[in-house]
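Me: I'd like to learn how to read a few features in a structure like this one. Can you take me through them one by one?

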Amino acid sequence: MPDSVTSKPTIILCTLNAKYIHASLGLRYLMANMARHGSQALADQTALLEFTLSKPLPDMVLQLLNTLGEERPGQTQVIGFGVYIWNVLQTTELIRLLKCQRPRLKIVLGGPEVSHETDQQDIVKLSDHVITGWGDVSFPKLCLQLVQGPPPLMKVIPGEQPPMDQIALPYQHFSDADLANRLLYVEASRGCPFKCEFCLSSLDKTAWAFELSPFLHELKILYERGARNFKFVDRTFNLKIEASVQILQFFLDRLNEPGAEGLLVHFEVIPDHLPDKLKALIAKYPPGVLQFEVGIQSFNEIVQKLISRRQDNIQTEANLRWLINESHAHLHTDFIFGLPGETLDSFAEGFDRLMAIGPQEIQLGILKRLRGTPIARHTVPFEMVYDDQPPYVVRKTKDLDASSLERFTRMAKYWDLIANSGRFKTSLPLILTPIGLPASAFRSFMHFSDHVWLSTGKTYGLTPEDLVDAVFHYLTVVREMDSSPVRASLLQDYLASGARARPKCLAQERLPLGGEPTNQSSHEQSVSTAHKLRGRQDRHGVTAASTD
């Protein structure tokens with residue numbers, strides 16, 4: 001048996017996740033490739049350690065250093081950090097504390113946030129080495145040099161991109177606890193052939209697919225181990241239809257076997273590319289299994305051209321309508337506010353166009369200037385002003401003043417709480433009742449948003465009961481609607497949501513409190529499909545901050 005000193009790892013793979021439910025796919029790729037592109041001895045002395053942003057930094061330092069153990073003469077200890085837009089500030093401070101306590105510790109950075117503009121970042125100055133781009137091969141090679149020598153001369157190391165069959169798949173490094181409690185990310189391909197300038201994938205030359213047979217074999221093993229929630233991180237799942245068909249067929253086959261309950265599969269799809277072969281398989285899926293994230297971003301053709309986005313809007317609309325009317329897929333559509341050339345009026349027009357199609361979710365995002373993205377070329381001509389701290393959101397443009405951006409930010413939060421939550425299924429149409437002509441769902445909801453902000457002064461910390469009362473007050477006082485049908489609508493939504501408290505506007509209604517039984521069996525016994533899906537979407541991280 002090795003003693004407690006010699007059994008300590010000398011290399012730690014680490015990142016700070018937004019929530020515990022997120023498990024880093026990138027770190028597991030590095031772990032899987034330590035033996036293949038480094039050595040087995042190197043793999044044997046490597047550990048994986050993940051934190052959440054809520055963990056105090058001193059506690060992280062203590063755990064990392066205790067895991068490494070005391071420094072020994074002639075030994076090099078390495079921590080490799082995955083750095084993203086959501087964790088760069090906390091990771092910077094963590095590294096500062098680590099270097100203060102253990103100056104000889106080698107810090108290696110990787111990830112999209114440190115793959116560009118490296119000379120401008122404090123975190124890079126604090127580190128010993130940075131690998132830009134792909135790290136599957138370059139990180140193990142660097143660790144060999146650091147542990148065995150000779151040490152590398154370069155601080156910033158361009159990541160080596162190997163053939164896809166030279167990358168070991170990482171899925172064995174998801175533990176049983178990960179599969180039971182955390183989100184399972186998988187990928188059948190990397191990269192993207194499209195050039196949308198707000199996205200880091202626009203820097204890719206194309207998309208590269210993993211060999212399908214070994215990938216499906218890994219999926220089968222995961223499924224047999226009990227995995228039932230799969231989020232594909234491929235930027236363009238339906239780019240190569242033959243591969244898409246085989247993956248969809250794989251999950252269809254699982255549905256025909258016993259024990260498939262709870263299966264949920266999430267894909268990001270191109271909205272204007274849905275051939276009949278793919279439709280035929282999608283139509284076979286039952287409700288609650290397929291979830292599609294569909295990036296619309298803008299229907300404004302001038303804006304699309306400015307940001308190099310190729311999208312057939314007519315075909316996109318037709319495909320969305322087919323998915324809604326002819327399939328059971330849950331559609332999560334993305335729309336971005338603040339793109340160069342977009343005005344409040346043009347965005348409202350696009351939003352109303354999407355609302356008329358009727359997807360289950362519209363995620364309202366705000367443009368972010370991710371490091372390295374070509375969107376920067378529009379900064380001067382469109383007077384784009386961004387936050388200089390992550391997540392680098394746009395604060396004003398030539399066409400949108402700062403107050404309009406702030407107003408939209410509040411609206412996006414309220415839209416998530418009211419519309420995307422599924423808690424106000426029957427009340428939402430009342431909120432969207434036209435204020436004037438021309439009718440506009442966007443304008444109606446923004447009017448509601450402005451009122452809630454003036455009434456509460458907050459977008460966070462609002463309970464379900466606060467929201468029910470806010471909707472009631474808005475509809476009956478501001479919009480002067482009859483209180484009886486409004487109250488009946490809110491009662492139906494509140495009971496269906498499964499909430500168990502007492503909004504003021506429903507104080508006279510018979511409500512189940514806590515575990516108290518109720519005669520409202522038709523409502524109490526069935527939580528709405530939208531609400532159940534919402535919980536599963538949270539598990540998939542669908543509504544999390546912008547993709548980095």
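Me: Let's start with strand β12: which residues sit on its two faces, and are they buried or exposed?
Reply: This is a predicted model, so keep that in mind throughout. The general idea is to go along a strand and sort its residues by the side they are on. In β12, Leu 290, Phe 292, Val 294 and Ile 296 lie on one side, Gln 291, Glu 293, Gly 295 and Gln 297 lie on the other, and all are buried. So both faces are covered, if you count a residue as buried when its relative accessible area is under 20%. Put as a tally for residues 290-297, that's 8 of 8 buried.

Me: Which strands does β12 pair with, and in what sense?
Reply: For pairing, look at the bridges and at the strand directions. β11 (residues 264-269) pairs with β12 in the parallel sense over 5 bridges. One of the matched pairs is Val 265 with Leu 290 in β12. Getting from β11 to β12, the chain goes through helix α10 (residues 276-282), and this β-α-β crossover is right-handed. β12 also runs parallel to β13 (residues 330-337), joined to it by 6 bridges. There, Gly 295 is opposite Asp 334 of β13.

Me: Back to helix α10 for a second. Why does Lys 279 count as buried?
Reply: Go by the relative accessibility, not by the residue type. Lys 279, which is in α10, comes out at 17% relative accessibility, and because the cut-off for buried is under 20%, Lys 279 counts as buried. Beyond residues up to four places away in sequence, Lys 279 touches Leu 274, Asn 319 and Trp 322.

Me: What about Asn 300, in the loop between β12 and α11? What does its side chain reach?
Reply: With a polar side chain, check the burial and then look for partners. Asn 300 is at 17% relative accessibility, so Asn 300 counts as buried. Its side chain reaches the backbone nitrogen of Ile 302 at 3.0 Å. The side chain of Asn 300 also makes a polar contact with the side chain of Glu 342, at 3.4 Å. Setting aside neighbours within four places in sequence, Asn 300 is in contact with Gly 341, Glu 342 and Ser 346.

Me: How do I read a whole sheet? What is the strand order in the one with 6 strands?
Reply: Write down the order, then find the edges. This open sheet goes β2-β1-β3-β4-β5-β6, with parallel pairing. β2 (46-52) and β6 (156-158) are the edge strands, each pairing on one side only. From one strand to the next, the twist averages 20°. Zooming in, β1 (residues 11-17) and β3 (residues 78-82) run parallel and are joined by 5 bridges, with Leu 13 opposite Gly 80 in β3.

Me: And which strands do helices α1 and α6 lie across?
Reply: See what each helix covers, then check its angle. α1 (residues 25-37) lies across β1, β2 and β3, at about 175° to β2. α6 (residues 138-148) lies across β1, β3, β4, β5 and β6, at about 160° to β5.

Me: Last one: what does the buried part of helix α17 pack against?
Reply: List the buried residues and follow their contacts. In α17 (residues 464-478), they include Leu 467, Val 471, Phe 472 and Leu 475. The buried residues of α17 pack against α14, α15, α16 and α18. As for length, α17 has 15 residues and reaches 20 Å from first C-alpha to last, close to the 21 Å expected. After α17 comes Glu 480, with a positive phi near 55°.

Conventions
Residues are numbered from 1 along each chain as its sequence is written. This is a predicted model: local features need pLDDT of at least 70, side-chain atom pairs count only at pLDDT 80 or more; totals for chains, interfaces and linings use all residues. Side-chain values use heavy atoms; hydrogens and water are left out. Buried means under 20% relative accessible area, exposed over 50%, partly exposed in between (1.4 Å probe, protein chains only). Helices (H or I, at least four residues) and strands (E, at least two) are DSSP runs, numbered from the N terminus. Two strands pair if DSSP finds at least two bridges between them. A crossover is right-handed if, with the strands pointing away from the viewer, the path from the first strand over the helix to the second runs clockwise. The expected span of a helix is 1.5 Å times one less than its number of residues. Contact means heavy atoms within 4.5 Å. Axes are lines fitted to C-alpha atoms, for helices over the stretch in contact, and angles run from 0 to 180 degrees between N-to-C directions. A polar contact is a pair of N or O atoms within 3.5 Å; within protein, one must be able to donate a hydrogen and the other to accept it, and residues adjacent in sequence count only if both atoms are side-chain atoms.
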